[in-house]
Amino acid sequence: MAVQLRFQCEFCAARPDAPTQLALEGEVGERVFGEYVNVLPGRWLVWGGGGPLGPRRYACGEHRGDLTASLREHYGTVAWQVWKRPPYAERWPGERRAHLQSRARFGSRGIRLLDP
């Protein structure tokens with residue numbers, strides 16, 4: 001069964017362009033907790049909440065400030081992560097995060113799990 005992910009800005013319902021869509025799709029599988037991710041080339045901002053920090057949230061380039069302000073208002077007293085200032089981690093289309101690749105190879109404690 002084919003599945004297509006559709007992203008939209010929480011503030012204006014804008015949709016990403018094709019390269020940004022690919023980068024956002026790559027970000028869906030990432031395990032993040034309380035982290036801002038700058039998704040390029042469309043300058044979208046993703047909040048990888050989780051648990052008490054709420055769901056994953058998306059904002060277009062025009063509403064990045066609105067997203068951070070909203071998160072700081074709602075979660076600012078329970079989590080320091082919402083107060084992080086730029087620069088945020090960046091994500092480009094087709095890019096995998098290096099720390100996740102090394103974690104799959106060496107495990108979270110540096111134990112080698114897979115043969116090279």
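This report walks through the fold, the sheet, the helices and the packed interior of a predicted model.

## Overall layout

The chain holds three helices and four strands. Read from the N terminus, the elements follow the order α-β-β-β-α-β-α. The chain has 116 residues, and 39% of them count as buried.

Many contacts join distant parts of the sequence. Take the contacts with a separation of 6 or more: 43% of them involve residues 24 or more positions apart.

## The sheet

The four strands make an open sheet. Their order across it is β3-β2-β1-β4, and the pairing is mixed. At the edges stand β3 and β4, each of which pairs on one side only. From one strand to the next, the twist averages 25 degrees.

In general, the strands of a sheet pair through backbone hydrogen bonds, either parallel or antiparallel. Here β2 and β3 are antiparallel partners, joined over three bridges. Within this part of the sheet, L45 stands opposite A59 in β3. Both L45 and A59 also belong to the largest nonpolar core.

## Helices on the sheet

Helix α1 spans residues 18-28. It lies across β1, β2, β3 and β4. Its direction is at about 150 degrees to β1.

Q21 is a residue of α1. Is Q21 buried or exposed? Its relative accessible area is 15%, so Q21 is buried. Leaving out residues up to four places away in sequence, Q21 touches L5, F7 and P16. F7 is also a member of a nonpolar core of 10 residues, described below.

Helix α2 lies across β1, β2 and β3. It runs at about 20 degrees to β2. This helix has 12 residues. Its first and last C-alpha atoms are 16 Å apart, close to the 16 Å expected at 1.5 Å a residue.

## The buried face of α2

Which residues of α2 are buried? They are R64, L67, T68, S70, L71, R72 and Y75. An α-helix has 3.6 residues a turn, so residues three or four places apart point the same way. The buried residues of α2 pack against β1, β2 and β3.

Y75 has contacts well beyond its own helix. Not counting neighbours within four places in sequence, Y75 is in contact with P52, L53, G54, R57 and V82. Of these, L53 and V82 are listed with Y75 in the largest nonpolar core.

## Two nonpolar cores

The largest nonpolar core has 11 residues. They are Y36, L45, W47, L53, A59, L67, L71, Y75, A79, V82 and Y88. Two elements, β2 (44-48) and α2 (64-75), each give two or more residues to this core. The most come from α2, which gives three.

Apart from this core lies another, of 10 residues. Among its members are F7, C9, A23 and W44.

## The aromatic cluster

How many aromatic pairs are there? The count comes to three. One of them is Y36 with W47, a tilted pair. Their ring centres are 4.9 Å apart, with 55 degrees between the planes. Y36 sits in strand β1 (residues 35-39) and W47 in strand β2, 11 residues apart. Y36 counts as buried because its relative accessibility is 2%, under the 20% limit. W47 is buried too, with a relative accessible area of 0%.

Y36 also pairs with Y88, and this pair is tilted as well. Here the centre-to-centre distance is 4.8 Å and the planes are 35 degrees apart. Y36 is in strand β1, while Y88 is in the loop between α2 and β4 (89-91), so the pair ties together parts that are 52 residues apart in sequence. At 10% relative accessibility, Y88 counts as buried. Together, Y36, W47 and Y88 form one aromatic cluster. These three residues are also members of the largest nonpolar core.

Conventions. Residues numbered from 1 in each chain as written. Predicted model: local features only at pLDDT ≥ 70, side-chain atom pairs only at ≥ 80, totals over all residues. Heavy atoms only, no water. Core = buried A, V, L, I, M, F, W, Y, C linked by side-chain atoms within 4.5 Å. Buried < 20%, exposed > 50% of the residue type's maximum accessible area, 1.4 Å probe, protein only. Contact = heavy atoms within 4.5 Å. Phe/Tyr/Trp six-rings, centres within 6.5 Å; stacked < 30°, edge-to-face > 60°. Expected span 1.5 Å × (residues − 1). Pairing = 2+ DSSP bridges. Axes fitted to C-alpha atoms, helices over the stretch in contact; angles between N-to-C directions.
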